[in-house]
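Biologist: Please take me through one part of this model close up, a turn and whatever is built around it. Then work outwards from there.

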Amino acid sequence: MTIAGDRIEHEMVIAAPPELVFAFFTDAELYTRWMGREATLDPRPGGVYRCVVHDTATVVGEYVVVDPPRRVEFTWGFDGGAAVPPGSSTVAVTLTPVPEGTLLRLVHTGLPHPALAGHDTGWTGYLAQLAGAAADG
Amino acid sequence: MDAQLRALAAPRRRQILELVRDRELAAGEIAAHFDVTRPAISQHLAVLREAGLVAERRSGTRRLYRADSAALAGLKQFVDRFWATGLERLKDRAEAEAAYRARPAG
């Protein structure tokens, strides 16, 4: 895991084939096994997805790239969140087959800098949402 | 981290933090930026200090405040945990599903 500027990057190896891991980003039933409790997904470029993470946090975005089973990219933001509104940041997921299964690489760009400038009203809600989401994990 | 989130939950405290992000200021100088009482500012500074978001230094009779950049970087890490925990869950569930699908028939 590295954090540089507004980027967050993660890499992990998953003992499952890329086709299956990919489906966890595009199939609502699989999606809600790891993210949120309710999701509607329209996995095609320009298609909108919406995921209720918990009571006060709903993630909304659009798929940008849907290239199974290698790459899925989508915008990321919180419905009603001033700090990270829908469309303000982008998540790119790349899946590479490896002998153990799948190497997943996730890069999240466009997040607000923690220096708080210009995000006066948004931070409260955003941080609360994240706190709740992290606690769910 | 909870104390930091609670400290940041007040807009005024975020404004104070922004003021002292790149420079050290005395409590009076900070108060001059806001239309609230000096004790109210002192109270906000105490919360920020206890949360570790600002450092306090005495210079003669003055108390000087400055944002703790390491603490702010810590908040970025907190954002990062959203994905860290989510992806750990994804790994668990995907591996469980892969094992389920690979089970012998019958």
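Modeller: Let's start at the hairpin in chain B, where β2(B) and β3(B) are linked by 2 residues, and Gly60(B) in that turn has a positive phi of about 65°. Before going on: this is a predicted model, so local features need pLDDT of at least 70 and side-chain atom pairs count only at pLDDT 80 or more, while totals for chains, interfaces and linings use all residues. Residues are numbered from 1 along each chain as its sequence is written, and chains are lettered from A and ligands numbered from 1 in the order in which they are written. Helices (H or I, at least four residues) and strands (E, at least two) are DSSP runs, numbered from the N terminus.

Now the two arms. β2(B) pairs with β3(B), residues 62–67, in the antiparallel sense over 6 bridges; strands count as paired if DSSP finds at least two bridges between them. Ser59(B) has Arg62(B) as its bridge partner, and Arg57(B) is partnered by Leu64(B). On to β1(B): 2 bridges join it to β3(B), again antiparallel, with Leu25(B) partnered by Tyr65(B).

Put together, that's an open antiparallel sheet of 3 strands in the order β1-β3-β2. β1 (25–26) and β2 (54–59) of chain B each have a single partner strand, so they stand at the edges with one side lacking a neighbour in the sheet.

Step back to the whole chain and you get 5 helices and 3 strands, in the pattern α-α-β-α-α-β-β-α. Of its 106 residues, 26% count as buried, meaning 20 or more other C-beta atoms lie within 10 Å of a residue's own (12 or fewer is exposed, in between is partly exposed, and C-beta atoms are placed from the backbone). Helix α2 of chain B, residues 11–19, has Arg13(B), Arg14(B), Ile16(B) and Leu17(B) buried. Those buried residues fall within an arc of 160° down the axis of α2(B), so they line one face of the helix; the arc is that of the directions from the helix axis to the C-beta atoms.

As for cores (sets of buried Ala, Val, Leu, Ile, Met, Phe, Trp, Tyr and Cys residues joined through C-beta atoms within 7 Å), the largest nonpolar one has 30 residues, and Val21(A), Phe24(A) and Ala94(B) touch the most other members. Helix α5 of chain B, residues 69–101, gives that core its largest share, 4 residues. Apart from it lies another core of 15 residues, and here our sheet comes back: Tyr65(B) and Ala67(B) are among its members, along with Ile16(B) and Leu48(B).

For a contrast, look at chain A. A hairpin there joins β5(A) to β6(A) through 3 residues, and the two strands, 57–67 and 71–76, pair antiparallel over 4 bridges. Tyr63(A) has Phe74(A) as its bridge partner. Along β6(A) the side chains alternate: Val72(A), Phe74(A) and Trp76(A) are buried on one face, while Arg71(A), Glu73(A) and Thr75(A) point to the other and are not. β6(A) also runs antiparallel to β7(A), residues 89–98, over 6 bridges.

One caution on chain A: its pLDDT, the predictor's confidence in each residue from 0 to 100, averages 79, and 72% of the residues score at least 70. Over residues 114–128 of chain A the pLDDT is below 50. Where pLDDT is low, the predicted coordinates should not be read in detail.

Key. Contact = placed C-beta atoms within 7 Å.
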